[in-house]
Amino acid sequence: MAMEPTEITDVQQSYKERWGWHDPERPVHKPRRGLSREVVEEISWLKSEPEWMRRFRLRAYERYEQKPLPTWGADLSTIDFQSIYYFLRATERPERSWEDVPASIKTTFDRLGIPEAERKHLAGVSAQYESEVVYHQMKQELTSRGVLFTDMDSAVRDHAELVQRYFATVIPPGDNKLAALNSAVWSGGSFIYVPPGVKVEIPLQAYFRINAESVGQFERTLIIADEGSFVHYVEGCTAPVYSSDSLHSAVVELIALPHSRIRYTTIQNWSQNVYNLVTKRAVAHEAAVVEWVDGNLGSRTTMKYPAVVLTGRRAHGEVLSLAMAGPGQCQDTGAKMTHVAPETSSLVVSKSISKGGGRTSYRGLVKVLPGATGAKANVRCDALLVDEISRSDTYPTLDIQEQTAAIGHEATVARIGDDQLFYLRSRGIPEAEAAAMIVRGFIEPITKQLPMEYAVELNRLIELQMDGSVG
Amino acid sequence: MENELLRIEDLHASVEGKSILRGLNLSVPRGEVHAIMGPNGSGKSTLANVLMGHPSYEVTRGRILFKGEDVTALPPDERARRGLFLAFQYPVEVPGVSTMSFLRAALGAVRGEDQPVREFRRRLEGELKDLGMELAFARRNLNEGFSGGEKKRCEVLQLRMLRPELAILDETDSGLDIDGIRLVSQAVAATRRPEASFLVITHYLRILTHLVPDRVHVLFAGQVIRSGGAELARELEVSGYEALRSEHRPAATAQAGTP
């Protein structure tokens, strides 16, 4: 693969140039800062929701009020929940044709390359700007095969039966404080249903962007893969650079019915003032496969532990995660695998890179319940430290209540070695490029699982972040 | 000397505060093969690393001139771009980076431009074929899980692809069987041209029966204590380093030359 020389002097500066711009905000509706019962009611009213959803939100709000913030993991005490806008509406309704999207938003997505991506024949693209989905398109062929891919708000209205049946069944509002918050104020996100036996060969994509300052984005995604089906969903995230913090707190629920397979890929490149606190969980029924591919490069703080509950015999769960933490960043990520049924298997591969004083943590749980006979679980965590001021920690928890389970755990911490750098440099490769090459090699087990354009983008982002960080 | 490619003047170098090279002088004209020989601990590998600019080695006195330019303070990548090459004694593993993409990056860096993929691929296949290797080898990650012999072959492959003006071979022959030694001497023969020179660092004499050097230098206690033609190697074969060592003892300091 050709290596293009990059001439970037400052990482934060480069982020600003490429993603950190913000178009003037022109919200149709902009409520007050902070959260109250009235704000929750107002969100529901603005969306003209059915009564059950309004009640669901209010119950969730009560849970949110009751629950404490997690005291483990990253420091969340600096989030000012009352200074955040919980709902912003940038357009009146999701548009079906790119031409109908208001010009100001179109400019934003043009700069992000969204229509370009669509021209590349992706199966479907959904773009979320502030709180709601503004553009949505899916190939006619998939529609005719019965695949549903829409924004969550429309799904509540148009696919009420499916939504009521599955919504919040994997992650109930009481799961944790942030899940409760999302349940109360959620807006947008994707809804996907793949009918039995249908295999969606090309990835469905979503793009999330926070444009306004002090905005919370609380998207809610629900994917249901019916028996024997397959779907790959890919999401990317960015935000401009503002002085005050923004909050992204999504809830993602996946339901993999018997013999189906869901792959969910995230490349998160939020700007470094975003708190990214996401709850992601899947249920895998008999012989179903769920794979989370999770890349965390941006944000100030990320807490995210994609989970798979293996409830059916021979179900398989995987988490392939990659985290990179630079100056002032904390990436507290990991995975949770719960083996409920016999012969279930799971694999966790976590790769983290810390540099410039950044901090990464792997926090994982493998739980094997009594009766999950012959369960197999493997966890592998590799950490790469670029310099001596960065930090990486591993907090693996194994809770094995079944004697026949086979569990493997392996963790390594490495530093980019002088000898490795010297070897590459002795072949004419400049230091920053040599370091980036070592890092790219380190994360290769993850990038090779990504769609091509995402792998290229990820490598480019890492090169940007690595520039000037060695020596 | 107008035709001089490399000139080392009064070179002193240390690693981790320990002085290894102590006033080394050497001149290599273009187009010649020079052998550097000497017992263990005489400073052979230090010389190789210092010439390439390893950051762990500190040059405390003297200078290195390459094509008339003082390169003593240049970083390793700039030396490589000026035409220096080191075949490593212990090549490093780089997981996840394919040998092929690494070679292409190196070639692009040294030449300052990217070669079209098709052209690169054709050259790579040609060199692999000459080395009796398959394209599958170049698809493997750089040195990862390579046997000792494969690592050395990979160094030779890089040498053949990059065609440097000065190739330093740091004990590339050690640990190789007779086929391996032939491989090294053939690589030198294949890349030899009037403007390019070789500095073959070796502990063993047997490679010199396949590769006839223009000059042989004997390194001892961080200095070149004797230089001569190919006949010096034959002399060493008979008398060994011991004779030279006792000859040189007055000049060497007490802690030097531990085998």
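**Chain contacts, core and the chain B sheet**

In this predicted model, 21 residues of chain A are in contact with 25 residues of chain B. On the chain A side of this contact, the elements that supply two or more residues are α10 (418–425) and α11 (431–447). Helix α11(A) has the largest share, with 7 residues. Sorted by class, the chain A side comes out at 10 nonpolar, 4 polar and 7 charged residues.

Helix α11(A) turns up again in the largest nonpolar core, which has 196 residues. Here α11(A) is the element that gives the most, with 9 residues. The residues with the most contacts inside the core are Val185(A), Ala256(A), Ala282(A), Ala284(A), Val439(A) and Ile168(B). As a general matter, nonpolar side chains tend to be buried together in soluble globular proteins. Take Ala256(A): leaving aside residues up to four places away in sequence, Ala256(A) touches Ala282(A) and Ala284(A), along with Ala225(A), Ile262(A), Val283(A), Ala288(A), Val289(A) and Val290(A). Arg261(A) and His285(A) are also among the residues that Ala256(A) touches.

Turning to chain B, there is an open sheet of 6 strands with mixed pairing, in the order β6-β7-β8-β3-β9-β10. The edges are taken by β6 (84–87) and β10 (223–228) of chain B, and each has a single partner strand, so one side of each goes without a neighbour in the sheet. From one strand to the next, the twist averages 20 degrees. At the β10(B) edge, β9 (residues 215–220) of chain B runs antiparallel to β10(B), and 5 bridges join the two. One of the residues involved is Leu219(B), whose bridge partner in β10(B) is Val224(B).

Helix α1 (residues 44–52) of chain B lies across five of these strands, namely β3 (33–37), β6, β7 (166–170), β8 (197–202) and β9 of chain B. Relative to β7(B), α1(B) runs at about 145 degrees.

Chain B also has a helix pair to look at. Helices α3 (residues 99–111) and α6 (residues 148–162) of chain B pack at an angle of about 35 degrees, and their axes are 10 Å apart. The crossing of α3(B) and α6(B) is right-handed. From α3(B) come Thr99(B), Leu103(B), Ala106(B), Leu107(B) and Val110(B), which meet Cys154(B), Gln158(B), Met161(B) and Leu162(B) of α6(B). By class, this contact has 7 nonpolar and 2 polar residues, with no charged ones.

Conventions: Residues are numbered from 1 along each chain as its sequence is written. Chains are lettered from A and ligands numbered from 1 in the order in which they are written. This is a predicted model: local features need pLDDT of at least 70, side-chain atom pairs count only at pLDDT 80 or more; totals for chains, interfaces and linings use all residues. Axes are lines fitted to C-alpha atoms, for helices over the stretch in contact, and angles run from 0 to 180 degrees between N-to-C directions. Helices (H or I, at least four residues) and strands (E, at least two) are DSSP runs, numbered from the N terminus. A crossing is left-handed if the near helix is turned anticlockwise from the far one by less than a right angle, and right-handed if clockwise. Two residues are in contact if their C-beta atoms, placed from the backbone, lie within 7 Å. Ala, Val, Leu, Ile, Met, Phe, Trp, Tyr, Cys and Pro count as nonpolar, Asp, Glu, Lys and Arg as charged, and the others, Gly among them, as polar. Two strands pair if DSSP finds at least two bridges between them. A nonpolar core is a set of buried Ala, Val, Leu, Ile, Met, Phe, Trp, Tyr and Cys residues joined through C-beta atoms within 7 Å. A residue is buried if 20 or more other C-beta atoms lie within 10 Å of its own, exposed if 12 or fewer, and partly exposed in between; C-beta atoms are placed from the backbone.
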